[in-house]
Structures are given as structure tokens and as C-alpha cells.
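Here is a brisk tour of selected local features. Keep the sequence and the coordinates open while reading.

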Amino acid sequence: MAIEMRRGRYGKFGGQYVPETLMTALIELEKAYEEAKADPAFAEELDYYLRDFVGRENPLYFAERLTAKIGGAKIFLKREDLNHTGAHKINNSLGQALLAIRMGKKKIFAETGAGQHGVATATACALFGLECVVFMGKEDIRRQELNVFRMELLGAKVVSVDKGSGTLKDAVNEALRYWVANVEDTHYILGSALGPHPFPEIVRDFQRVIGVETRRQIVEKEGRLPDAIVACIGGGSNAIGMFHPFVEDEAVALYGVEAAGSGIATGRHAAAIADGKEGVLHGSYMYVLQDEDGFIQEAHSISAGLDYPAVGPEHCHLHSIGRVTYSSVTDAEALEGLQILSRTEGIIPALESAHAIRFAVELAKDMRQDEIVVVCLSGRGDKDMQTVREALGGGVE
Amino acid sequence: MKTVEKRIRECVSNGKKAFVPYMMAGDGGLDTLHHKLIFLEKCGATAIEIGIPFSDPVADGEVIQQAGERALANGVSLRKVVEELSGIKGKVSVPLILMTYLNPILAFDMKLFIDRCLEIGIGGLIIPDLPLEEDGLLRERLEGTDIALIPLVSLTSSDDRIQDIAVKAEGFIYAVTVNGITGGRDHFGEEVVEHLKRVKAVSPLPVLAGFGISRPSQVEQLGECTDGVIVGSAIVDAFYRDDLESVRSLMNTSDGKFKIGIS
Ligand SMILES: Cc1ncc(COP(=O)(O)O)c(C=O)c1O
């Protein structure tokens, strides 16, 4: 069906499908964000924290041994895994925490899947002395026990959500309900390029630093733009942050990698672009995994951070106009990707990022040696060691 | 004027208040829908709001969420409710209002859904995740029909927004009386009463208060500053406990002070 075009839209995707109770907060947020964007002091402050607290800029690293092993295009890794707290999520959490402070809000809450966004948000709140509540699915709490402990150490309150499948989607539902009840003095730091306008735009803008740095770094190192860029897609924040500064460069091929779980054909996956239908979830018109009655289906992935049944609206648009190619990688393939990178480069990637690694390896194989592939290494694997060990049957052969 | 509005105005002009009970379709089995509707009509409902279960009901409180889960476990969907209502057509004369999240309508196909609603004679739609900003397409499709697109206003809606919503509203304005999603207090605070008066002052349509109204005392309190009330959780809970008496007593509160219905 056709949906009208208006602000907060990416083609027909996006919008603000939320209860009226939240509309005033969204309008206020949009206004505050526009003002912050126009204020050089805001950018300066954020830059300061990104540099001195997060450790940016992080390297664009030439993965020489991986490249040699594959024997195709040169593979570069954008090292978001080296950020403080171990993933790209901190870029957004810091930006939004500063925005909340500008709005005079001292209470923060967030949802989290892998726990990376929860940890990043708890960190930002500790840094700025803000109150922090994190909603996390029961199943994810089990999978990411250590991250729960980290959040608590940082002073956050972690609320277990046992409704539905007890994963990210259910944590977002609970977070939205919490927002409805606490809307007047509380800011929601949404963790991916999802949700009602203006969140997809805010999160993208705070993650754009990934692509902006990459662009400068690759030109410094190679004197030109890359031929291809690869990033994994949960809600799509690391990918949109990486892609956005390159969208106009038609010669740069962009690849988003969804989680194929046990395989698309099994129905147990999180690949909303590959297998979803257009619909509305959490305030936005997107591709959504759903049944014929419009009920949202559970997503499945070994990687908690990709375990979401939809993909942010800007990605949906980039897919529909054919600018970005979306593909998928299974649990088993991601585990291979994780091991290859660990062995060849001494870098253990997050399971999420391992999806991108695995896809990039296959892509690079078929490319010439003078071509360049950049992979967004969105996070490090420490949080996943338990899961990986279980999946590999307790040991590495 | 759409039928829903007409019914409410009839109540009010007879010195009474509208009472719109909410029930979750399919809680207790879809085959009980028919009897419950007739029961609520007999109790004097001005209109009846029928909730459609959804997998991700972000605007619902605990009681209604659980009722929705039970309905989902019974295999109930928008499609099935529509089928069931087609079978009941003509047996209930008060207007029926469907409350559903947007995605099931999109999955059904919006045009097809409206056609079926017209066949059944549905009197109104409440879509909690379709604010003013997004309702243009549906509004257009409902133009010239007797299906009212009933908007919500909340305690957080600014005066300007309330005005914008009121101008486009059909049927009645659903004034949300809590920011949270569940109630439980004996009486609502002064700010709620003030808010309702503000909505009432700008609205050309009847204003009904809803959300968190679960006790006769609240029904009376909020009924006084509006044209009536919507009661959800308390009715859902009473049906679940099979406690028809408390449904009846909610709808006919003490001393006839709060008289509902048309006659
Ligand atoms: C390391 C890492 N990469 C990727 C993601 C997926 O999120 P997004 O698609 O928003 O980048 C997550 C989410 O938790 C993550 O922790």
C-alpha cells in the first residue's frame, strides 16, 4: 500500500507510528536536536568526549594476513571494536546523553539486546551523573550475563523483560511503555537507527562519525575511495553510520549483512529485508518479519545484537532504490568468520561483526588484488565468549 | 454526523452520560464475543469498544496485555474477529468500535479491511499507534462513510495539538487520563480534571475519558467533567473472572447519579 511522504520519511519508510502520549516528546526531541545540530558548541563537546573518553579516532586497519589468506581484494577494518566499551554503540549513547542534558532531562532509559547499547548508555550516564534504567529481554540477559553485570557496576538498573520471546523486540515494547508512563522528565536513548522519527536520523547522525573517519583514512592510505564497504545489520546503526557519507559515491558498492540464523529457509532468522514484509513496528514503517495476520514474528540469531525482526527505515529505503545490496550470513558462517579473523589477525570480533567479516571474505575472494574492501568491525567479541564456546562445542579444534 | 457521535449526543441531551466498555475480542474464546456484546448492550452501553489482540501492544496496560495474550493463544486475529462480527451482524444495535494497532490492518489490506467494516456496520476505529501525523490516508478512505476515526488526546498533548486533533476528530474525542498505562487510584488528580475541561472547551465533539478508570467513584468523578467514560481493564478483568455483577455495577454507579444510556 502507498503511504504518504512527509518529514521523517525515507521514501515511503519511517514515520511516527506512536501513541499520542509520546508525540509531544518526539516533537520536543526533534526541536532540541535541530537546535543542538545548529550549535557548534554541541559538536565541540561531543568531539571532546569522543576523542578523550571513547578514544576516537580509531584506526582503519589493513588486515594484511587476512588479505593474503583470501587472495583477493585488500581488506581494511574500521576498528569500532577499539572504542571504549567495545563497540560503536557508545557514539550514539554519548551524543544522546548530551542531548538529554541540553533538554534538562536527568533520567535516561534504554533497551538493549546484546547489552552493548545498555553498557554504552550506562557508561554515558555514569560519566554525566544521570539516572539509568535498561530494559533487556530475559533470554538476552541469559546470553549476555556479563554485560548485565557491567551495567550494574556502572550504576544502571537492569529490568528483565520476560514477555514474548524475551529478546530485543520485547525490550523495546517495554521501553516504549515505560516512556509513555515517564515521558515528562525522561529521555529514551534508543540504540539503533530505528523507532519513530527523529530517532533514525539522530542515531544515524551520531554514528556517521564511522563513515566520515573511514573516508578520510582510506584516502590517506590508498589515495582513493574503497570499491566496497560491508557492515552488519541489526537495526542498522553501525551500517548507516558507515554508509551514509558514501551514499552519493556511486562507485562505492555498499553491502549490508543481515543475520540468517539457522538459514532463511528454516524461518529461524533475523533477515527482515530478505524475508520480511512492509509494516509498522515500534513507531516506524519498515520491512518487518511478520505472519499473514500482521503479528510480529520472533527473530533468531546467535548474535543477540542482530536479533530484531525489522530493519531501520533508511536501510529499507536504500534497499528499495537499489543503492545498498543486502545479503545474509548464517550463525554457522558467522562463527567461521569469527574464527578466521581471530586466527589471521589476532582480533576476536563480536558475533554481530563476524557476520560482516564472513560476507567480506567471500566478497573479497572474487575481487582483484588492487581493489579495496572496508569492513565495519562494529565491536569486539569479549561479550560473546560464552556463546561462542557453547556453539563450538566447548573447544576449538 | 456519524452514528457514534449521534448516540453520545442523545445520551447527553437526555441529561445522561455515555458509557463505552472495552472488551478484548477472543479472551475466553471468540465464540463468547456475541454473548458479551449483547450483555454489554443490555447493561446500557452507549457503544462498545472491541480490542483486537496484537503481538506487540505497546499502548496497553498489564491487564489488557494479558487478555490479549490469552486471545492470541486462542488463535484470534483481526481477520477472525471480522469474520465473527459478520456472523453477528444485526444482532447488536449499539455502535461497535474496533480498537486495533495499525499493523494488522496493513496486513489485512487497508481497503479490504474498510470494505469489511462497512459491510458489518462498524461505527468507529481507534488506532493507538496512528497519531494525527500519520492518519491522512486512512482518514481519506473513511470519508463519507459512517466509520468514525476516533482520535486520542493525552495529558501531554499541547493546547495547539488538542485543537488540531479536535478539528479533524470524528465520533468523539478519547481523552487519555493517565500518562502511565494502568490506573488504580480512587480519584484522579486536579490536573486530570483541568485537562479534561481544557479538551472539552476546544472540542466540537463529545469528549470521553478513558485509561485507568476502574472504579465507580472514578466513573462518577470523570463523568462530571466529560460526556462520558470508557472503561477497559476493569471490564476485561471482570469478564475474565466471570464476574458479570461487577460489570453491571460499574455501568450503573451509585444512586443513579451517573446515569448512562439513552432511555
Ligand atoms: C557489536 C555490535 N554490532 C552490531 C550491532 C547491531 O546493531 P546495529 O545494526 O544498530 O549496528 C550490535 C547491537 O547490539 C552490536 O553490539
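## Backbone outliers with positive phi

H282(A) has a relative accessible area of 7%, so this residue is buried. This is a predicted model. The backbone of H282(A) stands out: phi is positive, about 50°, although the residue is not a glycine. H282(A) sits in the loop between β11 (277-281) and β12 (283-288) of chain A.

Chain B offers another case. F211(B) is no glycine, yet its phi is positive at about 90°. The loop between β8 (207-210) and α10 (216-224) of chain B holds F211(B). Is F211(B) buried or exposed? F211(B) is buried, because its relative accessible area is 17% and the cut-off for buried is under 20%.

## Cis peptide bonds

Two cis peptide bonds in chain A deserve a look. One joins R56(A) and E57(A), with omega about 0°. E57(A) belongs to the loop between α2 and β3 (60-62) of chain A. No proline is named in that bond: the partners are R56(A) and E57(A).

The other joins H197(A) and P198(A), and here omega is about 10°. P198(A) is placed in the loop between β8 (186-188) and α9 of chain A.

## Aromatic pairs and a cluster

How many aromatic pairs are there over all chains? The count comes to 21. One of them is F42(A) with F206(A), a tilted pair with 6.3 Å centre to centre and 45° between the planes. The pair links distant parts of the chain, 164 residues apart: F42(A) is in helix α2 (residues 40-54) of chain A, and F206(A) is in helix α9 (residues 199-222) of chain A. F42(A) counts as buried because its relative accessibility is 6%. F206(A) also counts as buried, at 7% relative accessibility.

F109(A) and Y178(A) make an edge-to-face pair. Their ring centres are 5.0 Å apart, with 70° between the planes. The angle makes the class: planes over 60 degrees apart count as edge-to-face. This pair too links distant parts of the chain, 69 residues apart. F109(A) comes from strand β5 (residues 107-112) of chain A, and Y178(A) from helix α8 (residues 168-182) of chain A. Burial splits the partners. F109(A) is at 0% relative accessibility and counts as buried, whereas Y178(A), with a relative accessible area of 25%, is partly exposed. Both rings belong to one aromatic cluster, made of F109(A), F135(A), Y178(A), W179(A), Y188(A) and F199(A).

## Charges over rings

Lysine ends sit over phenylalanine rings in each of two chains. In chain A, the charged end of K74(A) is placed over the ring of F62(A), 5.5 Å from the ring centre. In chain B, the charged end of K36(B) sits over the ring of F239(B), at 5.3 Å from the centre.

## Cysteines without a bond

The structure holds 0 disulfides over all chains. Why does C232(A) form no bond with C376(A)? The sulfur of C376(A) is the closest cysteine sulfur to that of C232(A), but the 7.0 Å between them is too far for a bond. A disulfide needs sulfur atoms within 2.5 Å. Seen from the other side, C376(A) is in no disulfide, and its nearest cysteine sulfur is that of C232(A).

Both cysteines are buried. C232(A) counts as buried because its relative accessibility is 1%. C376(A) counts as buried at 0%.

## A buried proline and its distant neighbour

P313(A) lies in helix α12 (residues 313-320) of chain A. P313(A) has 0% relative accessibility, so this proline counts as buried. Along the chain, P313(A) and E201(A) are 112 residues apart. Their C-alpha atoms are separated by 9.8 Å.

## A nonpolar surface patch

Now to the surface. L146(A), F149(A), L153(A) and L154(A) make a nonpolar surface patch of about 430 Å². L146(A) is located in helix α7 (residues 145-153) of chain A. Is L146(A) buried or exposed? L146(A) counts as exposed, because its relative accessibility is 60%.

How values were computed: Residues are numbered from 1 along each chain as its sequence is written. Chains are lettered from A and ligands numbered from 1 in the order in which they are written. This is a predicted model: local features need pLDDT of at least 70, side-chain atom pairs count only at pLDDT 80 or more; totals for chains, interfaces and linings use all residues. Side-chain values use heavy atoms; hydrogens and water are left out. Patches are made of residues with over 30% relative accessible area and no salt bridge: like charges are joined within 9 Å, nonpolar side chains (Val, Leu, Ile, Met, Phe, Trp, Tyr) within 5 Å. Accessible areas come from the Shrake-Rupley method with a 1.4 Å probe; for residues, only the protein chains shown count as cover. A salt bridge is a side-chain nitrogen of Lys or Arg within 4 Å of a carboxyl oxygen of Asp or Glu. Helices (H or I, at least four residues) and strands (E, at least two) are DSSP runs, numbered from the N terminus. Buried means under 20% relative accessible area, exposed over 50%, partly exposed in between (1.4 Å probe, protein chains only). Rings of Phe, Tyr and Trp (its six-membered ring) pair if their centres lie within 6.5 Å; planes under 30 degrees apart count as stacked, over 60 as edge-to-face and the rest as tilted. A charge sits over a ring if NZ of Lys or CZ of Arg is within 6 Å of the ring centre and within 35 degrees of the ring normal.
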